[in-house]
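Here's a quick back-and-forth on charged pairs and helices. Have a look at the model first.

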Amino acid sequence: MEQPRGFAVWEIIYPFFLFEAIVLIIQEALVKILRLSWAVGLTGQAISTCVAIIVLWYRFIFKEKLTLTQKKSIFIRWKAAVMAIAATVISGVGWNLLILSIHPLRSQEQFRTANQYFYGSTLGMELVTLGIITPIAEELLFRGIIYQRLRKISGVFASVMISAVFFGVYHLNITQIIYACAIGILLALLMEAYGDVRIPMLGHMAINIVVVLNGELGILDRTILATPLQKNACMAICLVLTVVFTGVLGKKCKEK
């Protein structure tokens with residue numbers, strides 16, 4: 001018997017609300033009920049996100065037997081890994097430079113507040129939380145669960161775009177929405193092309209780690225992005241390569 005369309009939509013958005021509810025409840029419990037001052041900021045986010053990962057894994061992977069990879073091997077193919085890292089890092093740098101070059105977006109209060117939140121902790125905590133835990137959680141949710149459920153009721157293009165918009169809106173402010181939507185398209189294409197959620201996870205980790213290291217240590221700002229000319233050239237090259245990577249992944253999806 002065919003399920004009502006409304007039920008199908010609920011099946012797609014329900015995991016998102018479950019994830020958000022768990023994170024919010026755990027963070028509120030740590031700070032306001034247990035009054036743990038150290039749980040404010042990224043520490044609390046790390047703890048609550050880990051709990052959410054466990055719940056999502058049990059609810060959708062263990063109980064529903066949702067498959068996160070079409071490959072039986074525990075090892076990730078090196079070509080897929082290289083593609084994931086190169087595509088997401090290059091695209092992420094390009095989109096970051098483009099967004100930062102647009103003054104109205106750069107000057108947004110929400111943008112500055114987000115930066116203070118993300119880079120207000122120690123480098124180690126930022127790398128663990130933003131570079132490892134967050135990508136695992138978000139890829140499990142958006143590509144492992146939501147994208148795969150979308151593919152059951154729609155084609156590749158619609159699933160990629162809807163999941164990317166969903167991923168963007170999840171980040172709440174206009175600056176991050178634009179960036180996350182763009183990266184979300186590549187991450188969804190990686191999931192579709194390789195059929196393994198670990199591939200977009202790896203790419204997501206790579207770009208987040210690069211962003212954290214640049215934000216804290218200036219690894220790019222002091223080298224290839226040291227002058228306005230270098231920034232503009234790098235932005236142009238990265239965005240052109242982003243189009244190339246998108247085309248290659250799109251072709252690979254069609255060949256499956």
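**Salt bridges and helices**

The structure holds seven salt bridges (a side-chain nitrogen of Lys or Arg within 4 Å of a carboxyl oxygen of Asp or Glu). Heads up: this is a predicted model, so local features need pLDDT of at least 70 and side-chain atom pairs pLDDT 80 or more, while totals for chains, interfaces and linings use all residues. Residues are numbered from 1 along each chain as its sequence is written, and side-chain values use heavy atoms, leaving out hydrogens and water.

Reader: Which residues are joined into one network by salt bridges that share partners?

Author: Start with Glu11 and Arg149, which pair at 3.5 Å, N to O. Glu64 meets Arg59 at 2.6 Å, and Arg149 also bridges to Glu64, with the closest N and O atoms 2.7 Å apart. Shared partners then link up Glu11, Arg59, Glu64 and Arg149.

Reader: Is Arg149 buried or exposed?

Author: Buried means under 20% relative accessible area, exposed over 50%, and partly exposed in between (1.4 Å probe, protein chains only). Its partner Glu11 is partly exposed at 24%. Arg149 has a relative accessible area of 8%, so it counts as buried.

Reader: What distance separates the end C-alpha atoms of helix 7?

Author: Helices are DSSP runs (H or I, at least four residues), numbered from the N terminus. The expected span is 1.5 Å times one less than the number of residues. Helix 7 has 14 residues (156-169), so it should span 20 Å, and the end-to-end value agrees: 20 Å.

How values were computed
Helix = DSSP H or I, 4+ residues; strand = E, 2+ residues; numbered from the N terminus.
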